[in-house]
Each structure stands twice: as C-alpha cells, then as structure tokens.
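Visitor: Please take me through the largest pocket in close detail. What lines it, and what does the ligand touch?

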Amino acid sequence: MHLYHKAAAILSLAFLAGSYAAWAASPVATAAVNARKANYKEIGGAFKTINDELKSGAPDMNSVRPLARDIATRSALQLKYFPKGSGPESGLKTRAKAAIWSDNAAFVKLQNDMVSASKALNAAAESGNGSALASARTTLGGLCKSCHDRFREAD
Ligand code: HEC
C-alpha cells in the first residue's frame, strides 16, 4: 500500500514536470513552432499539387503559377521561425531535431538552398516551360528530402 502511494506520487510529479515544460515554453518559441509547421504544411500542399499537375503530363500553368509563387514566398520566411529554444527541449510538439541548432550552418545552408530552388521553380512556372518546371521540381524535392532526413524527427 505504502509503496503504491509512493509510486503514484512519483508518477504525478513526473506528469507535472512534463506539463510544466510545455507551460514554460516561451511565447516566442510557441509562436515560432506554430508558424513554421503551418508554413511547411502550406508548402507541402502546394508542392503536392504541382507534382500532381506534372504527373498529368500537361500541367495547367494557371494553377501551378500561384502555387510556385506561394512556395517561394513561404520558403523565404522559414529561417526566422527557428529561434534558439524552439527545439525538442522546449517541451512543445515539434519534430525539429536538436541538430538544427548544434549543426546550424548546415541547416541554414539547406534552408537557403530551398529559397534559391523555389525561386527557380517560380521562374520556371512563370516561363510556362513544362520541362523546366519538372527539373526545378526535382531539385527542390531533393532538398525537402535532404533536410527532413537530417533535421526532422520521423513521425
Ligand atoms: C532546411 C530544412 C527543411 C527543408 C529544406 C524542408 N523542410 Fe519540411 N520540415 C523541416 C522541419 C525541421 C520540419 C519539422 C517542423 C516542426 O515540427 O517544428 C518540417 C516539417 C514539414 C512538414 C510537416 C508540417 C506540419 O504540419 O507539422 C511538411 C508537410 C514539410 N516539412 C514539407 C516540406 C516540403 C514539401 C519541402 C520542400 C519543398 C520541405 N518541407 C523542405 C525542415 C525542412
């Protein structure tokens, strides 16, 4: 009986510590995590639609153009949504790995490469050239994967 109570007390302390971490996360970290996830989600949706258009064999450039522009705009915003303290140690629900901050130069480079690649995607969409669009898509898609493999926790 006695032991059971002790275990229960320890368990509820552990629970409190867990919720304290989430409660204690700074408003800056909370806002950043929410902003980057929402932003990547939009990028993911737009990128999927562009891929589907390309798969159709005759991409509808009128639907592709605003999506490519949106990806370029959102990519450029993304770096400022990774302030120090918004990683796993924040207790927030995030898949960002601690390596983003311990190996920051590599992360920043991938993010900057994404900005260039999405500008190229946007330019290809503007030009209306399907094969330029397909090749820009492949370059950008490779960067999504490289960064996720290295800096994003698996689901
Ligand atoms: C420089 C690194 C990097 C690049 C490049 C990158 N991502 Fe991500 N992505 C991340 C990280 C880190 C997360 C996890 C964010 C979090 O949970 O806080 C993420 C999360 C996501 C998510 C999940 C968002 C959610 O709802 O939680 C999607 C979708 C996504 N990325 C799509 C893409 C696509 C599509 C591309 C390429 C066009 C891309 N990403 C390029 C690092 C990157």
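Guide: What follows covers the pocket, the ligand contacts and one buried residue. This is a predicted model, where local features need pLDDT of at least 70, side-chain atom pairs count only at pLDDT 80 or more, and totals for chains, interfaces and linings use all residues. Residues are numbered from 1 along each chain as its sequence is written, and side-chain values use heavy atoms, without hydrogens and water.

The largest pocket has a volume of about 650 Å³. A pocket here is an open set of points on a 1 Å grid over the protein atoms alone, where a 1.4 Å probe fits, with protein on both sides within 12 Å along at least five of seven lines. The volume is the space filled by probe spheres set on the points.

Its lining counts 24 residues, each with an atom within 4 Å of a point. Arg36, Tyr40, Arg95, His148 and Arg152 lie nearest the centre. Helices α2 (27-55), α5 (104-127) and α6 (130-151) each give two or more residues; helices are DSSP runs of H or I, at least four residues. α2 gives the most, with seven.

Now the ligand. Of the 22 residues around it (a heavy atom within 4 Å), Thr94, Arg95, Cys144, Cys147 and His148 come nearest. Polar contacts are N or O pairs within 3.5 Å. Ligand oxygen atoms lie 2.8 Å from a polar side-chain atom of Arg36 and 2.6 Å from one of Thr94. A ligand nitrogen is 2.9 Å from a side-chain N or O of His148.

Gln111 sits in α5. Gln111 is buried (under 20% relative accessible area, 1.4 Å probe, protein chains only) because its relative accessibility is 2%. Beyond four places in sequence, Gln111 touches Tyr40, Ser75, Gln78 and Leu79, with heavy atoms within 4.5 Å.

Terms used:
Buried means under 20% relative accessible area, exposed over 50%, partly exposed in between (1.4 Å probe, protein chains only). A polar contact is a pair of N or O atoms within 3.5 Å; within protein, one must be able to donate a hydrogen and the other to accept it, and residues adjacent in sequence count only if both atoms are side-chain atoms.
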